[in-house]
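Q: I am new to this structure and would like a close look at a single part. Please start from one residue, then work outward to what surrounds it.

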Amino acid sequence: MDTIQLKARPRKKEDKQTENEIPAVVYGPNSKNQNLNVDYKEFSRAYDKTGESTLIDLILDEKNPAKVLIKEAQRNPISDKFIHVDFYQLDMNKKLTVDAELIFKGIEQIEKETAGEVIKNLSAVQIECLPKDLIKEIEIDISDKLKTIGDSMNASEIKLPEGVDLITDPDNTIVSVQEIKEEIFEEPKEETATEESKEGEGTKEGSEENKDKKTEDKKEEKKEEDKK
């Protein structure tokens, strides 16, 4: 597959870091760790195109560019700018395992024909291949696979290029069509008397009873006095 080229230069201890460059390191099974500097703008453009699953020709020597992957790109948590990059130099004769993004085509058509909703169960799958066969993404036309509500597609049904093997469990569902569930909104219930109100009513009733009792007691006392 096509690769992206990115120039780099050796980084020395006495070098002063500038905003136009990013400190980096390259390492791998057949190479020694080497400290580098890469141009900030050039790296940003390369990263946008490749992510972490595409080969890059890292040019230190014009005749023998290093075949690398971006192993890690660190960012400043506040500014979100790149502050350091790890490049992994590959052994071109050794297979590697990476994630390949799944790009689904035909979603709008399926949802229109089925009146359902397409659910993406997986956004990527793991693959294994030699560096020369590396792919960043896999396009899948699902319009011929999903025809009715309940239809689904498993990882085993993905057509992979020659030289690329699937590592993800082949029985895993990658996409399906499900019925759209309507949300049911309940009408608000009429408010009933609160416990506090009930307690208040009970207290009020008790007060009236106590008042009546006191009145009766006074009448009885007066009758007794009159008898005397």
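A: Take Ile-119 in this predicted model. Leaving aside its neighbours within four places in sequence, Ile-119 touches Ile-174, Val-175, Ser-176 and Gln-178. Ile-119 itself sits in strand β8, which covers residues 116-120. One of its partners is far along the chain: Ile-119 and Ile-174 are 55 residues apart in sequence, yet their C-alpha atoms are separated by 8.6 Å. Ile-119 has a relative accessibility of 24%, so it counts as partly exposed. The cut-off for buried is under 20%.

Now follow Ile-174 inward. Ile-174 is among the residues with the most contacts inside the largest nonpolar core, together with Ile-140 and Ile-142. That core has 27 residues. Several elements give two or more residues to it: β7 (96-105), α2 (107-114), β9 (124-129), β10 (137-141) and β13 (173-179). Strand β7 gives the most, with 5 residues.

Ile-140 shows how these parts meet. Apart from neighbours within four places in sequence, Ile-140 is in contact with Leu-102, Ile-103, Phe-104 and Lys-105. Its other contacts of this kind are Met-153, Ile-158 and Ile-174. So Ile-174 is a contact of both Ile-119 and Ile-140, by the rule that contact means heavy atoms within 4.5 Å. The model also has a second, separate core. This one has 19 residues, including Ala-24, Phe-43, Tyr-47 and Ala-66.

Stay with Lys-105, one of the contacts of Ile-140. The side chain of Lys-105 meets that of Glu-139 in a salt bridge, at 3.1 Å from N to O. This pair links distant parts of the chain, with Lys-105 in strand β7 and Glu-139 in strand β10, 34 residues apart. Lys-105 has a relative accessible area of 42%, so it is partly exposed. Side chains of opposite charge can pair when their charged atoms come close.

The structure holds 7 salt bridges. Another of them joins Lys-95 and Asp-165, whose closest N and O atoms are 3.4 Å apart. Here the two partners are 70 residues apart. Lys-95 is in the loop between β6 (82-89) and β7, while Asp-165 is in strand β12 (residues 165-166). Both ends are partly exposed: Lys-95 has a relative accessible area of 43%, and Asp-165 has 37%.

A further salt bridge is formed by the side chains of Glu-21 and Arg-9, at 2.9 Å from N to O. Glu-21 lies in strand β2 (residues 21-28) and Arg-9 in strand β1 (residues 4-10), so the pair ties together parts that are 12 residues apart in sequence. Arg-9 is partly exposed too, with a relative accessible area of 33%.

Last, look for empty space. Rolling a probe the size of a water molecule over the atoms shows where such space is left. The largest pocket has a volume of about 280 Å³. It is lined by 15 residues, and the closest to its centre are Leu-69, Lys-71, Tyr-88, Leu-90 and Leu-96. Two elements give two or more residues to this lining, β5 (66-75) and β7. Strand β7 thus appears in the pocket lining as well as in the largest nonpolar core. By type, the lining residues divide into 8 nonpolar, 2 polar and 5 charged.

How values were computed: Residues numbered from 1 in each chain as written. Predicted model: local features only at pLDDT ≥ 70, side-chain atom pairs only at ≥ 80, totals over all residues. Heavy atoms only, no water. Helix = DSSP H or I, 4+ residues; strand = E, 2+ residues; numbered from the N terminus. Buried < 20%, exposed > 50% of the residue type's maximum accessible area, 1.4 Å probe, protein only. Core = buried A, V, L, I, M, F, W, Y, C linked by side-chain atoms within 4.5 Å. 1 Å grid on protein atoms, 1.4 Å probe; cavity = no way out; pocket = protein on both sides within 12 Å on 5 of 7 lines; lining within 4 Å. Points joined across faces, edges and corners; volume = space filled by probe spheres on them. Nonpolar A, V, L, I, M, F, W, Y, C, P; charged D, E, K, R; others polar. Salt bridge = Lys/Arg side-chain N within 4 Å of Asp/Glu carboxyl O.
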